[in-house]
Amino acid sequence: MNQNLPFIKTAKEVKSLIEDGASLRLIDCRTKLGDPSDGRRRYEESHLPNAAYVDLEGDLTGEKGEHGGRHPLPTPETLGEMFSHLGIDQETMVVAYDDEGGAFASRLWWMLSYVGHENVYILNGGFKEWTERGFPVKKEKPVFTKKDFSVNVQPHMTISKEEVAASLNEAILIDSRELARYQGISEPVDKKAGRIPGAVHGFWKENLDESGMWKDEHRLRERFADLHFDEEIIVYCGSGVTACPNILALKGLGYQNVKLYPGSWSDWITYPDAPIEKEPQS
């Protein structure tokens, strides 16, 4: 029997949780990069029963500055307040979903883990899988009773630009972007093309199978077979979002020393002294 990672729930499992009346909070994270209103519009059309909506730009991104990248992390206090208003406390199971392969749901999974909430999962296949199974959707916006979310920051889960620079010859660095961006051949988003020197390529969508579902544990172990469990692993992408599915996969496989570089490439290039590596031009 194929085994999913421990942080992933199937649509059938989530439906059972809803029917059993579990202490559950569903979070809709659907987002279209470049169109900030698209995800909320889709949510207002239909969503999983009693699901809340969080927005990448407005809820899962902090204040932007000279450094920190395109999607800097909100402060832990801001996250704690948001989760409290969503009716989440330490007893609440959270299941996040999107319709973009789990990228944005994984960002929420990572953020909740970062502030100490362990009972959090993502829905395999997202909204598409849910609706294709004919499971119920709603249009009404739920109202939640505020709860006391206890923030317990896990500082070992992140790494700064300075720490990344100091670890280039020691840690394993995984670039989660598309191959052309990793190679420095194409850069459609950020001002400079290339990668952090020494990074290996691990496109985040390689966690998914041909149908857009998460690969089972056996196939994911094959994907990351070259990594050793005692190594420090630093994961980055363009702005700290699509690195999160790779972190979810690695943590689900038992890799413990895995860190997110939150600012990622969009932060790295704001430092004039930060070295850049590219594929040689043919």
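**Exercise 1. Describe the surroundings of Ser264, which is found in helix α10 (residues 264-268).**

Helices (H or I, at least four residues) and strands (E, at least two) are DSSP runs, numbered from the N terminus. The structure is a predicted model, in which local features need pLDDT of at least 70, side-chain atom pairs count only at pLDDT 80 or more, and totals for chains, interfaces and linings use all residues. Residues are numbered from 1 along each chain as its sequence is written, and side-chain values use heavy atoms, with hydrogens and water left out.

Step 1. Take the accessibility. Buried means under 20% relative accessible area, exposed over 50%, and partly exposed in between (1.4 Å probe, protein chains only). Ser264 has 0% relative accessibility, so Ser264 counts as buried.

Step 2. List the contacts, meaning heavy atoms within 4.5 Å. Apart from neighbours within four places in sequence, Ser264 touches Tyr236, Cys237, Gly238, Ser239 and Gly240.

Step 3. Look at the polar atoms. A polar atom of the Ser264 side chain is 3.3 Å from the backbone nitrogen of Gly240.

Step 4. Compare positions along the chain. Ser176 is 88 residues from Ser264 in sequence, and their C-alpha atoms are 9.9 Å apart.

**Exercise 2. How many disulfides does the model have, and why is Cys237 not bonded to Cys244?**

Step 1. Recall the bond. A disulfide is a covalent bond between the sulfur atoms of two cysteines. The cut-off used here is a pair of cysteine sulfur atoms within 2.5 Å.

Step 2. Apply the cut-off. The count is 0 disulfides. The cysteine sulfur closest to that of Cys237 belongs to Cys244 and is 6.8 Å away, too far for a bond. Cys244 is likewise in no disulfide, with the sulfur of Cys237 as its nearest.

Step 3. Add the accessibility. Cys237 is buried at 1% relative accessibility, and Cys244 is buried with a relative accessible area of 0%.

**Exercise 3. Give the strand order of the open sheet of 5 strands and place β5 in the sheet.**

Step 1. Recall the pairing. Strands of a sheet pair through backbone hydrogen bonds, either parallel or antiparallel. Here two strands pair if DSSP finds at least two bridges between them.

Step 2. Write the order. It is β1-β5-β4-β2-β3, with parallel pairing. β1 and β3 are at the edges with a single partner strand each, so one side of each has no neighbour in the sheet.

Step 3. Go through the pairs.
- Strand β1 (residues 8-9) runs parallel to β5 and is joined to β5 by 2 bridges; Lys9 is opposite Leu123 in β5.
- Strand β4 (residues 93-97) pairs with β5 in the parallel sense over 3 bridges; Val95 is opposite Tyr121 in β5.
- Strand β2 (residues 24-28) pairs with β3 in the parallel sense over 2 bridges; Ile27 is opposite Ala52 in β3.

Step 4. Examine the faces of β5 (residues 120-123). Val120 and Ile122 on one side are buried, as are Tyr121 and Leu123 on the other, and both faces are covered.

Step 5. Follow the chain from β4 to β5. With helix α4 (residues 103-114), these strands make a right-handed β-α-β unit. Right-handed means that, with the strands pointing away from the viewer, the path from the first strand over the helix to the second runs clockwise.

Methods. A polar contact is a pair of N or O atoms within 3.5 Å; within protein, one must be able to donate a hydrogen and the other to accept it, and residues adjacent in sequence count only if both atoms are side-chain atoms.
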